[in-house]
Amino acid sequence: MLATFQILVLTTFLASLVYWVLPKGWVEGRRAVLLVVSGVLIYIYSPATLFLALATALLAWLLYGLTKRYPRYGWLPWLIVLPLVINAITPLADLIPFPSGSPRGVLFTSLTTLGMSFYTFKLYASIKQGLKLDALPFREVLTTTLFYPAFPMGPIDASQKFDHVALSRDPDIRRWVMGIGRIGMGAVKAYIIGGWIKTTASVWLLGSPMDAMYDKGWDGPVQALLFAFLSFAYLYVNFSGFTDIAIGAGWMFNLDLTENFKFPLIAHSIQNFWQRWHLSLSKFITAYMYKPMVRRTGKAGLSLIVTFTLIGLWHRTSVGYLFWGVGHGTALALTAWYRTKKRPPIPMPYVVRRVGGIVITLTFVSVMSAIANQPSNRVLARYVLSFVGVHVS
């Protein structure tokens, strides 16, 4: 994995130099640099994934044209998720005759689901943005889809981040150097701190490396809870680390990708958590799912539960992520309902309430995350039973 990271850093260094050699008037030349480098890297990793990304980008552009021509069919942009739905039900690797040597089976399914789940939302936002601006060039759709630093894990940014204005900016040596620093910070989080959590910290607190716990099982509620905290900490440093790498690489091209995290480990409520965690997804959910559903139904609580259930299944079609979506949606709905009620202030110091809120929130999101990311239903059942003291080997 470190070898892959080194290749990415070297590629970004060289590609950014070529990118800045081109005058700012040569916008399409700069775009060609981004597209060629991104296409080559994705092809090397998986030719089949590049094929799917190109096909999905073309579908998005066609859906934009259809929606623009037939505006009364406002649901058309949501057809962009069809490849993701098909891949969740029946792996596309089994349906499409990809070239020999292309990854197949579980590896390919995981890879396409990771990238596809992000760039489908990017493309939906791009279609909506294009309809608002009355323009969505296919070259911008391609750049949005393929930009390699953000390809596997986001952030979820629409095509405006890669339009003519964005690509015609003057070189900024300060941001270029800051980009290198941001990439380094992301690498420390994802590789060094993440590795320490999975191995050293896990052995110290659980008696085994984190991955071994899925086979070994959990001895009781304390160990299961510690596992939840460790696995969520690992998820955070890994996800935010790779987001830092993507944002830093964007800075080296003077492109502004969305900040995705705002110290979520100090969130004092579930609402505050979603104001700090995966901000580009939160923004997408609010603008394109939750608010339209509330306008149609008039039921804010139900809209939250339905929206987060769908988002859970967007992450992965599994029982664990179904629980994750229903759990987060229900917690948000109950919190919103509770805050509408008139009640006397809780008679305890502010610091105690704030620290208690952080502990409760972190515990909830950690357990939900651990449930969602269990590798199978059997292991999920064993994990849940461990909270009531039942150990299943």
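Trainee: How many helices and strands does the secondary structure of the protein chain come to?

Mentor: The model is a predicted one. Strands are absent from the protein chain, their count being zero. The secondary structure comes to 16 helices.

Trainee: Which radius of gyration does the protein chain have, and what would a compact globule have?

Mentor: The C-alpha atoms fill a box of roughly 65 × 50 × 45 Å along the principal axes. For 393 residues, a compact globule would have a radius of gyration near 21 Å. The protein chain agrees with that expectation, with a value of 22 Å.

Trainee: What percentage of the 393 residues in the protein chain is buried?

Mentor: A residue counts as buried when its relative accessible area is under 20%. In the protein chain, the buried residues make up 48%.

Trainee: How many salt bridges does a search of the whole structure find?

Mentor: Side chains of opposite charge can pair when their charged atoms come close. A salt bridge here requires a side-chain nitrogen of Lys or Arg within 4 Å of a carboxyl oxygen of Asp or Glu. The search of the whole structure gives a total of ten.

Trainee: How many residues apart are Asp170 and Lys24, whose side chains meet in a salt bridge?

Mentor: The N to O distance in the salt bridge of Asp170 and Lys24 is 3.7 Å. Asp170 lies in the loop between helix H7 (164-167) and helix H8 (173-206), while Lys24 lies in the loop between helix H1 (2-21) and helix H2 (27-45). The pair thus links distant parts of the chain, and the separation is 146 residues.

Trainee: Are Asp170 and Lys24 buried, partly exposed or exposed?

Mentor: Partly exposed residues fall between the limits of 20% and 50% relative accessible area. Asp170 has 44%, and Lys24 has 45%. Because both values lie in that range, Asp170 and Lys24 are partly exposed.

Trainee: Which residue forms a salt bridge with Arg139?

Mentor: The closest N and O atoms of this salt bridge are 3.2 Å apart. Arg139 lies in helix H6 (residues 138-146) and its partner in helix H2, so the pair ties together parts that are 111 residues apart in sequence. Arg139 is partly exposed at 41% relative accessibility, and the partner is partly exposed at 36%. That partner is Glu28.

Trainee: Which residues are joined into one network by salt bridges that share partners?

Mentor: The side chains of Asp244 and Lys189 meet in a salt bridge of 2.9 Å, N to O. Asp244 in helix H10 (residues 221-252) and Lys189 in helix H8 are 55 residues apart, and both are buried. Through shared partners, salt bridges join these two with further residues, and the network consists of Arg182, Lys189, Asp244 and Glu259.

Trainee: Which helix gives the most to the positive patch on the surface?

Mentor: The patch gathers Lys128, Lys291, Arg295 and Arg296. One of these, Lys291, is partly exposed, with a relative accessible area of 45%. Lys291 has its place in helix H12. With three residues, the helix that gives the most is H12 (residues 279-297).

Trainee: What is the area of the nonpolar surface patch made by Leu10, Phe13, Leu14 and Leu17?

Mentor: Leu14, one of the residues of this patch, is found in helix H1. Its relative accessible area is 45%, which means that Leu14 is partly exposed. The area of the patch is about 360 Å².

Trainee: Which residue is joined to Gly154 by a cis peptide bond?

Mentor: Omega of this bond is about 10 degrees. The residue in question lies in the loop between H6 and H7. The residue joined to Gly154 is Pro155.

Trainee: What is phi of Asn254, and is Asn254 buried or exposed?

Mentor: Asn254 lies in the loop between H10 and helix H11 (270-274). Its relative accessible area is 7%, so Asn254 is buried. Phi is positive in this residue other than glycine, with a value near 60 degrees.

Trainee: What is phi of His278?

Mentor: His278 lies in the loop between H11 and H12. At 2% relative accessibility, His278 counts as buried. Although His278 is not a glycine, its phi is positive, at about 45 degrees.

Key
Residues are numbered from 1 along each chain as its sequence is written. This is a predicted model: local features need pLDDT of at least 70, side-chain atom pairs count only at pLDDT 80 or more; totals for chains, interfaces and linings use all residues. Side-chain values use heavy atoms; hydrogens and water are left out. Patches are made of residues with over 30% relative accessible area and no salt bridge: like charges are joined within 9 Å, nonpolar side chains (Val, Leu, Ile, Met, Phe, Trp, Tyr) within 5 Å. Accessible areas come from the Shrake-Rupley method with a 1.4 Å probe; for residues, only the protein chains shown count as cover. Lys and Arg count as positive and Asp and Glu as negative; His and the chain ends are not counted. The place of a charge is taken as NZ of Lys, CZ of Arg, CG of Asp or CD of Glu. Helices (H or I, at least four residues) and strands (E, at least two) are DSSP runs, numbered from the N terminus. Buried means under 20% relative accessible area, exposed over 50%, partly exposed in between (1.4 Å probe, protein chains only). The radius of gyration is taken over C-alpha atoms; the globule rule is 2.2 Å times the number of residues to the power 0.38.
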